[in-house]
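Here is a short guided tour to read alongside the model. Keep the 3D view open and rotate it as you go.

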Amino acid sequence: MQPRNMSMSGVVDLAAVKAAGEARQKAEQARAQAARTGAPAPSRLVVDVDEAGFQQEILQRSTEVPVVIDFWAEWCEPCKQLGPLLERLAQEYAGRFVLAKIDVDANQMLFQQFGVQGIPAVFAVVAGQPIPLFQGAAPEAQIRQVLDQLIQAAEQQFGIVGAPVDAEAQGVEPAASGPASPYDGALAAAHSALDAGDLGGAVQAYSNVLTDDPGNTEARLGLAQAKLLQRVQGTDPQVVRKAAADAPADVAAQIAAADLDLVGGHVEDAFGRLVDTVKRTAGDDREEARVHLLDLFEVIGAEDPRVVTARNALARVLF
């Protein structure tokens with residue numbers, strides 16, 4: 001399996017729904033195994049990865065723990081500052097993420113497939129989905145913030161809680177685990193329904209959680225995903241896209257095509273289509289396109305940089 005084009009990536013891409021379900025199951029199995037044995041399994045926190053090891057060390061491993069990728073080269077001076085910092089943080093975070101180091105000179109194919117523009121460049125892979133994090137030798141405080149957001153998103157949206165490590169062997173404090181949520185069971189049932197294609201059941205299950213806990217981010221995200229999949233279920237993509245191409249001002253046609261874009265992982269295309277629709281319409285049509293775009297933002301997540309960019313574009317069109 002090759003890494004996806006970055007325009008199709010993201011922590012919450014709908015293309016990752018199936019992988020997310022599998023990742024949740026693996027995470028639950030890992031937690032159950034740790035509880036039975038009473039001892040965490042050892043984990044390598046920093047690994048050198050080449051093209052031959054990409055599948056196992058990055059893609060497969062990303063179903064169990066967020067994998068942070070450091071693209072570097074021997075001749076790159078900023079890399080020599082950033083690399084040791086990332087390695088130290090990997091040890092300090094004690095298994096909440098692992099660091100994969102890729103020498104771009106020796107792995108040009110990976111360098112090109114991830115669309116790296118310059119080094120040092122840092123990406124992540126979660127549940128098989130590549131995510132751009134930052135480029136250049138960023139300050140430690142900024143890197144910590146990015147890592148914390150990545151870890152939180154991996155846990156909340158995919159159930160990926162990190163690889164357990166032997167804290168004494170690693171010389172670090174073990175990560176503290178938070179209290180179980182009273183909605184874990186209901187959310188697990190909702191996730192299972194979504195993964196099984198029972199979209200009506202998933203919508204109802206997520207809605208039930210939100211009735212009791214309106215601020216539950218995981219339930220809100222799951223509900224948005226399930227409703228999106230419901231809308232595109234049974235549609236003919238060719239018919240939908242032709243209708244949108246033939247009638248650029250038809251809001252319903254553009255909304256249907258934007259839904260297909262998002263499900264296919266073309267996040268920027270979906271957002272751009274609806275921003276353009278808002279720009280060229282007025283009155284109720286404009287409001288319908290705007291509200292639907294906000295609904296699609298919910299599917300991806302407010303912190304995603306593509307959502308931030310699209311929000312800014314929408315604001316320019318509106319004001």
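This report goes through a strand and its partners, a helix, the nonpolar cores and the salt bridges.

**A covered strand and its partners**

Please bear in mind that the model is predicted. A good place to begin is strand E2, residues 67–72, where six of six residues are buried. Both faces of E2 are covered: Val67, Ile69 and Phe71 lie on one side, while Val68, Asp70 and Trp72 lie on the other.

Which strands pair with E2? Strand E3, residues 98–103, runs parallel to E2 and is joined to it by six bridges. Within E3, isoleucine 102 is the bridge partner of phenylalanine 71. Strand E4, residues 121–126, runs antiparallel to E2, and five bridges join these two. Here aspartate 70 of the E2 strand stands opposite valine 122 in E4.

**Helix H3**

Together, E2, helix H3 (residues 77–92) and E3 make a right-handed β-α-β unit. The length of H3 can be checked with a little arithmetic: at 1.5 Å a residue, its 16 residues should span 22 Å, and the end C-alpha atoms are 24 Å apart, which agrees.

Several residues of H3 are buried, including Cys79, Leu82, Leu85, Leu86 and Leu89. Proline 78 also has its place in H3, but this residue is partly exposed because its relative accessible area is 36%, and the buried class needs a value under 20%. Leaving aside neighbours within four places in sequence, proline 78 is in contact with Pro120 and Ala137. The C-alpha atoms of proline 78 and isoleucine 119 are separated by 8.1 Å, although these residues are 41 places apart along the chain. After H3 comes alanine 94, which has a positive phi, near 55 degrees.

**Two nonpolar cores**

In soluble globular proteins, nonpolar side chains tend to be buried together. The largest nonpolar core in this model has 49 residues, and those touching the most other members are Ile58, Ile69, Phe71, Phe97, Ile119 and Ile143. Elements that each supply at least two residues of this core include E2, H3, E3, E4 and H5, along with helix H2 (54–60), helix H4 (108–113) and strand E5 (129–135).

What does isoleucine 119 touch, not counting residues up to four places away in sequence? Its contacts are Phe71, Trp72, Ala73, Trp75, Cys76, Cys79, Val104 and Phe111.

There is also a second, separate core of 22 residues, with Leu228, Leu262, Ala289 and Val307 among them. Ala289 turns up again as a contact of threonine 277, together with Val251 and Gln254, not counting residues up to four places away in sequence. Threonine 277 lies in helix H12, residues 267–280. Is threonine 277 buried or exposed? Threonine 277 counts as buried because its relative accessibility is 0%.

**Salt bridges**

Side chains of opposite charge can pair when their charged atoms come close. How many salt bridges does the structure hold? The structure holds 13. Three of them are set out here.

| Pair | Closest N to O distance |
|---|---|
| Arginine 88 and glutamate 140 | 2.9 Å |
| Aspartate 261 and arginine 273 | 3.2 Å |
| Arginine 290 and glutamate 287 | 2.6 Å |

Arginine 88 forms a salt bridge with glutamate 140. This pair links distant parts of the chain, with arginine 88 in helix H3 and glutamate 140 in helix H5 (residues 140–158), 52 residues apart. Arginine 88 counts as partly exposed at 41% relative accessibility, and glutamate 140 is partly exposed too, with a relative accessible area of 27%.

Aspartate 261 and arginine 273 also meet in a salt bridge. That pair likewise links distant parts of the chain: aspartate 261 is in helix H11 (residues 251–263) and arginine 273 in helix H12, twelve residues apart. Aspartate 261 is buried, with a relative accessible area of 5%, whereas arginine 273 is partly exposed at 23% relative accessibility.

Arginine 290 and glutamate 287 both lie in helix H13 (residues 283–300), three residues apart, about one turn of the helix. Arginine 290 is partly exposed at 23% relative accessibility, and glutamate 287 is partly exposed, with a relative accessible area of 37%. Elsewhere, salt bridges that share partners join Arg88, Glu92, Glu140 and Arg144 into one network.

Technical notes: Residues numbered from 1 in each chain as written. Predicted model: local features only at pLDDT ≥ 70, side-chain atom pairs only at ≥ 80, totals over all residues. Heavy atoms only, no water. Helix = DSSP H or I, 4+ residues; strand = E, 2+ residues; numbered from the N terminus. Buried < 20%, exposed > 50% of the residue type's maximum accessible area, 1.4 Å probe, protein only. Contact = heavy atoms within 4.5 Å. Pairing = 2+ DSSP bridges. Right-handed = clockwise from strand over helix to strand, strands pointing away. Salt bridge = Lys/Arg side-chain N within 4 Å of Asp/Glu carboxyl O. Core = buried A, V, L, I, M, F, W, Y, C linked by side-chain atoms within 4.5 Å. Expected span 1.5 Å × (residues − 1).
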